[in-house]
Amino acid sequence: MRIYLVAGELSGDILGASLMRALKARHPDVEFRGIGGPRMQAEGFDSLYPLETLSIMGLVEVLKHLPELIKVRRHLLRDALEWQPDVMIGIDAPDFNLGLELRLRKRGITTAHYVSPSVWAWRQGRVKTIRRAVDRMLTFLPFEAAFYREHQVPVTFVGHPLADELPLEDDRDAARLQLGIAPDVQLLAVLPGSRGNEIRFLGETFLASIERLCQRYPALEVVIPAATPLRRSELESLMQGREALDRSRIHLIDGQSREAMTAADAVLLASGTAALECLLCHRPMVVAYRMAPMTHRIARHMVKTDWISLPNLIARETLVPELIQDAATPESIEESLAPLLSRAAGDVCRQRELRERFVAMHRELTCDASAAAAIAIGELAGR
């Protein structure tokens, strides 16, 4: 069996390597070709270009590299047609891969796309291109699969790799031991984001919220994982400017965001993949997000969903408070987090119910994604 894979960035290389292992386990004679990174190459992948060739972010950067990207896609088209794979799989990178998939499918090559673009949230017209480009869409999330079925696109829900990674039974005490946090401490984890703009727009607001919560709960401690050394430096600068912040109760750590969330009683975080990880750590959370005012005005008219956080999108209801743009104030964050940190009987009962719901959602997403994707690809190849 011949499989043509095109991964566009580091996350795609990780997914591709795991998918290759699952395919080799089911089809020992399988061969691979296309574009992949070091993890895929370690699995025996023949990459025609470095992974970084497609790892270009931002409109200006893409326009600058557009002639090169067009040249690469034309080469891959010719190469795949000569090699004649049983299936061509684009791993993420939809702006590049969907165009390649469309051209190959028109010429008789079976195609699949692994990791759905956020077509259900914005630019929904892209689903027409997807319908023409792929024989099967492989999705991580059940609501994505429902969207594609509604639009007559063949789809398989394979589960989420993060759900496979994280245990269904979390160990709060072990996480606290690893972080040096006492077992009985009331603990809040704060994840202000991994991007510079997230620190810029949310950093001061999150620190002001911490000040208010520390005043409200005299025994509260806070752990803040810094995603990178640069983010840590930015956070330290912001903290130095806030004299009212009790630094003795703040634990600024490098990375270890999953351990911090697992150790915490509640979590405050910037919207993004961290919200899904928090769900999979089974912790109550408040999601906040701010962006440039003009970006928000444009996004407000383009986004077609009732929620922005993955826990709410998966549940199709508001399980998690979402505080967006002007609603993300220190006062509103404090009031939203208070019932998640409270030790009053009614609040504790609600916290327990929410954790149980998250465990059930975690179980639904745990399908051994790579193996499920390999089965679907084998079906497409007639194996």
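Reader: How many bridges join strand E10 to strand E11, and do they run parallel or antiparallel?
Author: In this predicted model, strand E10 (residues 266-270) and strand E11 (residues 285-289) run parallel and are joined by four bridges.

Reader: Which residue stands opposite Leu269 in E11?
Author: That residue is Val287.

Reader: What is the strand order of the open sheet with E10 and E11 in it?
Author: The order is E9-E8-E7-E10-E11-E12. This open sheet has six strands, with parallel pairing.

Reader: And which strands stand at the edges there?
Author: Strand E9 (250-254) and strand E12 (322-324) do. Each has a single partner strand, so one side of each has no neighbour in the sheet. On average, neighbouring strands of this sheet are turned by 20° against each other, direction ignored.

Reader: Which strands does helix H15 lie across?
Author: Helix H15 (residues 330-341) lies across strand E7 (187-191), E10, E11 and E12. Relative to E10, the helix runs at about 150°.

Reader: Turning to the sheet that has E2 in it, what is the order of its strands?
Author: That one is an open sheet of six strands, ordered E2-E1-E3-E4-E5-E6, and its pairing is parallel.

Reader: Why is one side of E2 and of E6 left without a neighbour in the sheet?
Author: Strand E2 (31-35) and strand E6 (155-157) are at the edges and have a single partner strand each, so one side of each lacks a neighbour in the sheet. The average turn between neighbouring strands of this sheet is 20°, direction ignored.

Reader: Which helix packs on this sheet, and which strands does it touch?
Author: Helix H17 (residues 369-380) packs on it, touching E1, E3, strand E4 (111-114), strand E5 (136-139) and E6. The direction of H17 makes about 175° with that of E5.

Reader: Over how many bridges do E1 and E3 pair?
Author: Strand E1 (residues 2-7) and strand E3 (residues 87-91) pair over five bridges, in the parallel sense. One bridge partner in E3 is Ile89, which pairs with Leu5.

Reader: A change of topic: at what angle do helices H9 and H10 pack?
Author: Helix H9 (residues 196-216) packs with helix H10 (residues 229-240) at an angle of about 35°, and their axes are 10 Å apart. The crossing of H9 past H10 is right-handed.

Reader: Which residues make that contact?
Author: H9 contributes Gly196, Ile199, Gly203, Glu204 and Leu207, while H10 contributes Arg231, Glu234, Leu235, Leu238 and Met239.

Reader: How many of the contact residues are nonpolar, polar and charged?
Author: The contact of H9 with H10 has five nonpolar, two polar and three charged residues.

Definitions and conventions: Residues are numbered from 1 along each chain as its sequence is written. This is a predicted model: local features need pLDDT of at least 70, side-chain atom pairs count only at pLDDT 80 or more; totals for chains, interfaces and linings use all residues. Side-chain values use heavy atoms; hydrogens and water are left out. Axes are lines fitted to C-alpha atoms, for helices over the stretch in contact, and angles run from 0 to 180 degrees between N-to-C directions. Helices (H or I, at least four residues) and strands (E, at least two) are DSSP runs, numbered from the N terminus. A crossing is left-handed if the near helix is turned anticlockwise from the far one by less than a right angle, and right-handed if clockwise. Contact means heavy atoms within 4.5 Å. Ala, Val, Leu, Ile, Met, Phe, Trp, Tyr, Cys and Pro count as nonpolar, Asp, Glu, Lys and Arg as charged, and the others, Gly among them, as polar. Two strands pair if DSSP finds at least two bridges between them.
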